[in-house]
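This report describes selected local features of one protein model. Please consult the sequence and structure below while reading.

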Amino acid sequence: MATQNAEDVEMIEARPRKRIRNSTKRKRATSPLPRVPLLFAPFRALGLITNHIPFYMQTRSYKDATEGPRIHILTCLGRSWALWEGGKMGLLFVGPEVQDPISCLVMDGDAVWAASGVHVIKYLRGKEVSRVSNPLRTPLAFVILFGSQLLALTEDGGRMLIWEVSTNEQTLSATIQFDIGFTATSILHPATYLNKVLVASNEGDMQLWNIRTQTCIHKFSNSQLRTLPSQQHMNSSSSPITALTQSPAIDVVGVGFMSGEISVYDVRADERLMRMYMDNGGIKALSFRSDGHPILASASSSGHIALWDLDSGGRLLHLIRGAHDGAVSALEWVPGQPVLISSGEDNSVKQWLYESPTAVPRLLKFRSGHHAPPHLIRFYGEDGKQLLSASADRTLRYVSVVRDSRSYEMSQGSLARKATTLSKPLASLKFPPITSISCSSTRSKDWDDVLTAHADEMCVRSWTVLNKRVGKHTFNSAESSKRKSPSGVVKCVCVTACGNFGLAGSSTGEIHMWNMQSGLKRKSFKVGPCPQAVIDRLELSSTTKPKASERGITGLASDALNRVVIATTSDGTVNFFDFHACTLDQVMVLPAPANSLLLQRDSGLLAVVCDDMVVRIIDIETRRIVRELACGVHGRILDIAFSSDSRWIVVTSLDSVIRTFDIPTGQLINAFRTPSVATSIAFSPTNDFLATTHVDSVGIFLWANRSQYSEVAFRAISEENIAEVALPSMQGSEEDEALEALEALGVEDKPTDVFSTPSQLDGDLVTLTLLPRARWQTLLNLEVIQQRNKPKEPPKKPEHAPFFLPTLPGVEHRFAIEEKKQETQEKHTRRLDKIAANSRSTLQKLLIESDKNNDSDDALFNYIKSLSPAAIDLELRSLVSFNDLQHFLRAIKRRLQSHLDFEAVQALQNVVLRIHADVIIENEDLRTELEELLKVQKKESGRVLDLLASSLGTLGFVRDTQ
């Protein structure tokens with residue numbers, strides 16, 4: 001039954017220690033999608049606490065500690081893990097993402113072991129240091145540390161693998177094959193049992209194995225372990241073992257079954273000691289209290305936690321109904337303390353305090369997030385540090401972008417007390433899911449500042465972020481309408497910029513406005529009958545003309561100064577109302593039905609999402625469509641967001657693509673596809689982050705705006721240039737890559753500037769230097785300027801000495817005047833004169849190089865253009881040899897023929913001929929070069945004069961025609 005196959009192991013090299021970071025470092029395993037640095041770089045995820053994988057608790061005691069042992073809680077985040085400090089539930093580390101989802105977590109001192117796919121990976125301080133792999137290439141489902149050995153169960157439950165991990169060379173020491181009909185699910189080491197483990201199965205049986213000899217010592221059948229309740233004594237079907245835990249008593253373990261039964265079993269005597277039973281779901285976790293009180297805690301798949309008094313034969317002490325909104329995944333008592341830690345599939349970890357054995361436990365502290373994917377998010381305030389998120393779990397949460405521990409759920413009242421009184425589930429008493437959110441923090445310290453509309457409800461609720469709860473007003477649109485008119489469901493809400501008024505639009509075409517402070521209704525707006533243009537577009541007959549009550553409001557907004565109220569209808573109209581007179585000023589008919597709208601109050605731009613997958617931008621001042629942005633043809637638009645400067649608009653659609661449009665140009669400048677559909681987006685008021693929510697995740701994901709930190713080239717892209725990007729992780733992955741998200745913000749290669757002007761537009765055109773005209777005028781008249789600026793008389797000696805001259809000590813008053821040091825004149829030698837004669841200036845070197853290359857004089861003329869007029873004059877006077885003058889005349893001729901730096905060439909030519917005219921005339925070779933330069937000069941000057949004459953003639957003709 002047991003086989004030794006250590007030689008068949010596929011071992012991966014042990015990772016180096018933390019200080020060595022060279023070529024032996026393995027590349028971090030990430031999800032298959034590449035992280036491409038785009039306009040929005042993945043930054044981090046918010047609101048992820050745990051999932052269905054049980055947590056692992058570790059306690060550490062320190063010498064002279066006064067606050068008791070330190071608690072560490074290790075939770076699973078899907079493809080990564082998080083380590084929390086149990087005292088304040090603060091986040092310590094977040095592990096790197098792995099390729100396959102994590103199936104089990106354990107800790108050994110500072111080391112964290114995570115089972116992912118066929119690997120078991122070891123981490124130290126959030127950094128991967130080694131891993132072992134299953135040679136059979138089957139996924140691993142359960143892991144436990146047993147001294148210096150690591151035990152793991154395969155996902156099919158047919159084998160148990162044993163590794164020796166105490167040494168650097170971690171080798172597979174044994175593989176245990178289970179019998180057919182025994183599917184192993186979990187492993188437990190009974191206390192004081194040497195080299196022995198209990199293995200639970202999916203068939204309800206249990207086996208005791210010696211891992212040293214790889215032999216099965218004893219088998220516990222399902223009939224021995226459990227006894228069905230009396231009302232189900234006829235049912236003899238087996239039930240899987242779902243929980244297995246060690247009790248403080250030696251040889252005694254707790255066994256939980258899917259049927260809801262709990263057995264306290266003596267392994268040594270092979271005898272069941274007592275039996276308990278939980279209704280409403282199977283047992284998910286068990287834990288014995290270890291501080292002297294014989295109490296067993298059990299958790300069910302329905303979210304309840306039960307406490308059993310073992311001294312009374314398993315009597316039920318307390319039942320915490322709805323401790324979690326989903327199945328409880330793990331339970332652990334803190335050693336020596338009356339504190340119970342639980343985690344559930346509702347993305348929360350809770351600590352329960354039991355002040356006495358008979359007292360009702362109370363919630364001590366917790367960390368939680370949405371347990372259903374959020375579908376609506378909006379930034380709250382103007383600093384971009386807070387978010388409001390709504391989810392299908394019927395909650396409204398305040399999420400902090402800066403620190404996750406500041407996030408909380410907005411209170412809906414004492415629902416727990418009501419649920420206990422009415423004997424109803426807590427979730428059934430919560431408000432329906434939120435469909436629309438609007439907020440204004442202007443008067444947040446005075447009264448309620450958030451409005452929400454809920455699914456299939458005719459009322460609007462106010463909330464106060466300051467008090468973290470639902471507000472004191474509930475605005476009912478049905479009571480505000482007339483009795484004979486049909487009451488509609490609220491579809492959208494809006495809070496004015498001043499924070500004094502709240503508006504709500506219903507499915508019957510009515511808009512009501514209330515005062516946020518008093519809760520009294522102030523005004524009503526009606527969209528009126530359907531316009532004729534809409535009837536013509538829909539090709540409706542006069543008998544089927546829709547009534548005003550059938551024109552549902554799909555979007556609602558008010559401007560920054562409370563002058564106009566804007567509403568869109570389901571039949572494709574944009575209605576502009578006067579805020580004070582409540583009259584309909586104008587109706588704009590759109591080519592397609594409108595689904596929603598978003599107003600950027602600072603710029604007055606209104607974005608309307610239409611059914612034809614086009615976002616139409618309207619200027620509310622001119623009330624005209626200024627841009628139409630097409631968002632593909634494969635998916636309906638779900639949400640839009642403006643940037644704070646109104647330059648960009650970000651759009652998410654059902655094709656999993658998030659697009660960014662540049663509003664001034666109307667071009668698509670960025671697009672990327674995420675692994676799942678983004679249901680809602682929000683742009684930070686400070687332009688720092690883009691927040692997204694997705695259909696398959698309970699977290700909120702932040703994307704950093706790269707344009708805030710580096711230069712980003714904005715150019716139009718097509719729908720084919722869409723990159724696939726992985727979602728952000730909870731936090732930095734490895735220590736070396738802790739700032740990976742911020743490093744991605746930098747741009748390695750500078751983008752080519754498509755708008756840069758070339759050095760020469762056309763070869764036949766004359767190009768100037770683009771330098772000030774005064775530069776070359778000064779060079780031509782430098783002698784006159786120097787003569788004019790020459791001082792008329794030498795400087796005069798001051799008449800009186802300054803008062804701060806130092807004095808000499810003594811009775812007489814004397815000044816300490818330093819004697820002038822006689823300057824020694826340097827002696828000139830022949831060697832120094834020879835070296836000075838052979839040295840060349842920068843201009844002379846560039847002339848020689850350009851004459852050798854004979855193709856480009858850019859370096860030479862760039863150097864000349866960088867000098868001042870006086871420096872240019874000095875360089876030209878230093879050209880005293882025949883070769884230097886010959887090189888310079890050739891360079892001037894080549895520059896004329898290239899049609900570049902025309903005015904600079906004319907100025908340089910003038911100065912050189914004026915300074916060195918006598919030398920050039922006396923030398924025959926230089927005179928030949930001068931004659932060739934004269935021919936080129938006449939040719940180019942004539943061509944320039946012809947171009948000027950043509951331009952003047954064209955200008956005169958145009959002037960005469962006007």
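Phe-701 lies in strand β57, which comprises residues 700–705. The model is a predicted one. With a relative accessible area of 4%, Phe-701 is buried, since the cut-off for that class is under 20%. Apart from its neighbours within four places in sequence, Phe-701 is in contact with Arg-44, Ala-45, Leu-690, Ala-691, Thr-692, His-694, Leu-727 and Pro-728. The C-alpha atoms of Phe-701 and Ile-681 are 9.6 Å apart in space, and the two residues are 20 residues apart in sequence.

A second region centres on strand β28, residues 339–344. Six of its six residues are buried, so β28 is largely enclosed by the rest of the structure. Val-339, Ile-341 and Ser-343 point one way from the strand, while Leu-340, Ser-342 and Gly-344 point the other way; residues of both sets are buried.

Strand β28 pairs with β27 and with β29, as set out in the table.

| Strand paired with β28 | Bridges | Direction | Residues between the strands in the hairpin |
|---|---|---|---|
| β27 (residues 328–333) | five | antiparallel | five residues |
| β29 (residues 348–353) | six | antiparallel | three residues |

Individual residues can be placed within these pairings. On the β27 side, Ala-330 has Ser-343 of β28 as its bridge partner. On the β29 side, Leu-353 stands opposite Val-339. Each hairpin also has a residue with a positive phi: Gly-336, in the turn between β27 and β28, has a value of about 75°, and Asn-347, in the hairpin of β28 and β29, takes one near 65°.

The third region is helix α9, residues 842–853. At 1.5 Å a residue, its 12 residues should span 16 Å, and the end C-alpha atoms are 17 Å apart, which agrees. Which residues of α9 are buried? They are Leu-843, Gln-844, Leu-846, Leu-847, Ser-850 and Asp-851. These residues cover an arc of only 165° around the axis, which puts them on the same side of α9. The background is a general one: an α-helix has 3.6 residues a turn, so residues three or four places apart point the same way. Lys-852 and Asn-853, on the other side of α9, are exposed. The buried residues of α9 pack against three helices, namely α10 (858–866), α11 (869–877) and α12 (882–898).

Key
Residues numbered from 1 in each chain as written. Predicted model: local features only at pLDDT ≥ 70, side-chain atom pairs only at ≥ 80, totals over all residues. Heavy atoms only, no water. Buried < 20%, exposed > 50% of the residue type's maximum accessible area, 1.4 Å probe, protein only. Helix = DSSP H or I, 4+ residues; strand = E, 2+ residues; numbered from the N terminus. Pairing = 2+ DSSP bridges. Expected span 1.5 Å × (residues − 1). Arc of directions from axis to C-beta. Contact = heavy atoms within 4.5 Å.
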